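Me: I would like a close look at one part of this protein. Please set the scene first, then walk me through the helix packing and the loop that goes with it.

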Amino acid sequence: MQKTAAPDEYGENLAGASILVIDDEPGMRNFMTKILMPRCKRVEQAASAMEASAILDQTHFDLIILDNIMPGKTGLQWVQEQRRVGLFADTILVTAYADLETAIQALRIGVADFVLKPFRANQILNSVARALDRKYLRRENYLLKHELSSEGTAARGRLLGKSTAICQAREMLTRLAPLPTPVLFTGASGTGKEIAARTLHAQSERAGKPFVAVNCAAIAPDRIAHELFGLVDEQDRRKDGLFLHADGGTLFLDEVAQMPDQVQAALLRVLEDQRIRPVGAERDIPLNLRFLFATNADLKQAVAEGRFRADLYHRINVVEIAMPPLRDRVEDIVELAALFMEQFSVRLGMPALELNEETLLKFSRYDWPGNVRELRNLIERSVILGEIPEEFSGTGAITGTAAIETLDLVTQRHIMHVLDACDGNRAEASRRLGVSRKTIDRKCASWGF
């Protein structure tokens with residue numbers, strides 16, 4: 001039974017929950033279903049352990065409410081069996097016999113809560129709400145630790161700039177945001193692939209759900225399958241992987257070209273079936289995920305050299321967004337530098353440095369091989385040291401908004417950048433700019449070049 005439920009006093013987690021009720025007594029099953037169904041997304045019933053196992057083979061639930069005393073086997077025995085094949089739902093045990101031995105056994109196998117018979121409606125609702133709150137708190141803590149330990153913690157903020165290249169990228173993100181289509185972000189390191197992916201997620205209907213970024217190159221090859229898909233170990237203990245923690249949201253796989261062969265094959269199956277099988281488990285878990293990918297490598301070449309699966313490449317390369325290098329969006333350099341200066345001044349509690357017109361011109365003429373990341377790091381280092389590096393420092397008198405927005409300075413930065421790209425050939429620069437050679441000569445003379 002699936003529906004859209006509204007949050008109430010038991011919390012928003014209950015409204016989005018899927019719950020399986022297992023009890024051999026029809027009256028008890030119907031009673032719990034009647035309580036839960038108006039408040040939950042989906043509630044299903046099973047009259048026996050065997051029926052419940054068959055249901056779990058087909059679908060996944062956030063929570064299971066289980067009677068302990070049933071014909072054939074106890075609820076705890078069933079939970080232990082299910083752990084071996086892969087039970088990735090939390091469990092509430094309903095029992096009329098709360099002896100110490102049962103309680104200890106339940107704790108050992110990871111039952112989330114006890115509810116004693118007979119119980120009132122508010123007791124079962126409170127138990128379910130607590131179990132779900134703990135489940136999502138564990139998820140948030142896990143994702144926070146993952147975020148803090150990852151290399152991409154600096155990839156925050158907006159996709160700034162007014163250049164044609166970045167405007168085209170933003171327009172494509174807006175078009176793709178409401179769609180489930182996988183997106184491949186390409187471009188050199190530091191061009192903002194993760195920021196673009198976060199922007200896409202923020203514009204989508206999944207914005208309130210997790211955005212999980214995974215750097216495939218930063219995880220050891222022998223651990224990446226466990227980290228992504230999860231694990232059922234030899235003691236039947238479960239570890240939820242990043243795929244399951246991201247369920248309902250967006251999974252961003254960066255440096256996807258570095259993914260080991262066996263994980264590439266497993267990922268292809270996930271993309272085709274929208275199901276995962278944790279390592280050591282015997283049961284698949286359905287997923288609801290938006291997949292985004294990024295690489296600074298040439299995937300076509302990797303396919304040709306046999307380092308990347310051709311079928312996976314075609315599966316992830318439905319839509320490609322090429323993030324432009326900073327040298328191709330020179331008109332954005334000044335805006336980004338000013339923004340980073342303000343951000344780091346506030347974050348570090350240190351005075352911002354003045355960016356004069358000479359420094360900004362040098363920024364605009366520099367090639368920035370490290371792209372936006374290099375500019376960002378340079379500004380952070382400058383704030384910490386209290387001075388702009390010598391190769392970028394200048395003695396100009398114009399600072400602040402005037403240095404950034406004055407038309408003559410904007411024109412100067414653009415013309416000098418084009419001249420640098422033409423190796424100083426003024427005839428070629430005038431052709432690219434669509435102006436006469438005399439205009440270039442006159443401008444350069446007025447600027448002292």
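What percentage of the 449 residues of the protein count as buried? After that, take me closely through how α14 meets α16.

Reply: This is a predicted model. Of its 449 residues, 49% count as buried.

Overall form comes next. The protein has 20 helices and 14 strands. Its C-alpha atoms fill a box of roughly 95 × 50 × 35 Å along the principal axes. The radius of gyration is 29 Å, whereas a compact globule of 449 residues would have one near 22 Å. Take the contacts between residues at least 6 apart in sequence: 72% of them join residues at least 24 apart.

Now the part you asked about. Two packed helices are described by the angle between their axes and the distance between the axes. Helix α14 covers residues 333-348, and helix α16 covers residues 371-385. Their axes come within 9 Å. They cross at roughly 45 degrees. An angle under 35 degrees would count as roughly parallel, and one from 65 to 115 as roughly perpendicular. α14 and α16 are therefore oblique to each other. Their crossing is right-handed.

Here are the residues that meet. α14 brings Ile333, Leu336, Ala337, Phe340, Met341, Phe344, Ser345, Arg347 and Leu348. α16 answers with Val372, Leu375, Arg376, Ile379, Glu380, Val383 and Ile384. By class, this contact has twelve nonpolar residues, one polar and three charged. The general rule for reading such a list is simple. An α-helix has 3.6 residues a turn, so residues three or four places apart point the same way.

Next, the loop that leads into α16. It lies between α15 (357-365) and α16, and Tyr366 is found there. Tyr366 has a relative accessible area of 28%, so it is partly exposed. The cut-offs behind that call are 20% and 50%. Leaving aside neighbours within four places in sequence, Tyr366 is in contact with Glu374 and Phe392. Far from this loop is Val111: the C-alpha atoms of Tyr366 and Val111 are 60 Å apart in space, and the two residues are 255 apart in sequence.

Trp368 is found in the loop between α15 and α16 as well. Trp368 has 0% relative accessibility, so it counts as buried. Its phi is near 50 degrees, a positive value in a residue other than glycine. Gln274 also has a positive phi, near 55 degrees, and is likewise not a glycine. Gln274 sits in the loop between α11 (261-273) and β11 (275-276). With a relative accessible area of 24%, Gln274 is partly exposed.

On the other side of the loop is α15, which has a helix partner too. The axes of α15 and helix α18 (residues 407-421) come within 9 Å and cross at roughly 35 degrees. This crossing is right-handed. Glu357, Leu360, Leu361, Ser364 and Arg365 of α15 make the contact with Leu409, Gln412, Arg413, Met416, His417 and Asp420 of α18. The residues of this contact divide into four nonpolar, three polar and four charged. Set that against α14 with α16, where the classes are twelve nonpolar, one polar and three charged.

A few places elsewhere give context. Helix α8 (residues 193-203) is mostly covered, with nine of its eleven residues buried. Those buried in α8 include Ile195, Ala196, Leu200 and His201, and charged names such as Lys193, Glu194 and Arg198 are on the list too. Leu176 lies in helix α7 (residues 164-176). Leu176 is buried, with a relative accessible area of 6%. Not counting residues up to four places away in sequence, Leu176 touches Val183, Leu200, Arg290, Val319 and Ile321. Leu176 and His201 are 25 residues apart along the chain, and their C-alpha atoms are separated by 9.8 Å.

Last, helix α6 and the loop before it. Ser127 lies in α6 (residues 121-149). At 0% relative accessibility, Ser127 counts as buried. Ser127 touches Ile92, Asp113 and Val115, with residues up to four places away in sequence not counted. Pro118 is found in the loop between β5 (113-116) and α6. The peptide bond from Lys117 to Pro118 is cis, with omega near -10 degrees.

Technical notes: Residues are numbered from 1 along each chain as its sequence is written. This is a predicted model: local features need pLDDT of at least 70, side-chain atom pairs count only at pLDDT 80 or more; totals for chains, interfaces and linings use all residues. Side-chain values use heavy atoms; hydrogens and water are left out. Axes are lines fitted to C-alpha atoms, for helices over the stretch in contact, and angles run from 0 to 180 degrees between N-to-C directions. Helices (H or I, at least four residues) and strands (E, at least two) are DSSP runs, numbered from the N terminus. Angles under 35 degrees count as roughly parallel, over 145 as roughly antiparallel, 65 to 115 as roughly perpendicular and the rest as oblique. A crossing is left-handed if the near helix is turned anticlockwise from the far one by less than a right angle, and right-handed if clockwise. Contact means heavy atoms within 4.5 Å. Ala, Val, Leu, Ile, Met, Phe, Trp, Tyr, Cys and Pro count as nonpolar, Asp, Glu, Lys and Arg as charged, and the others, Gly among them, as polar. The radius of gyration is taken over C-alpha atoms; the globule rule is 2.2 Å times the number of residues to the power 0.38. Buried means under 20% relative accessible area, exposed over 50%, partly exposed in between (1.4 Å probe, protein chains only).
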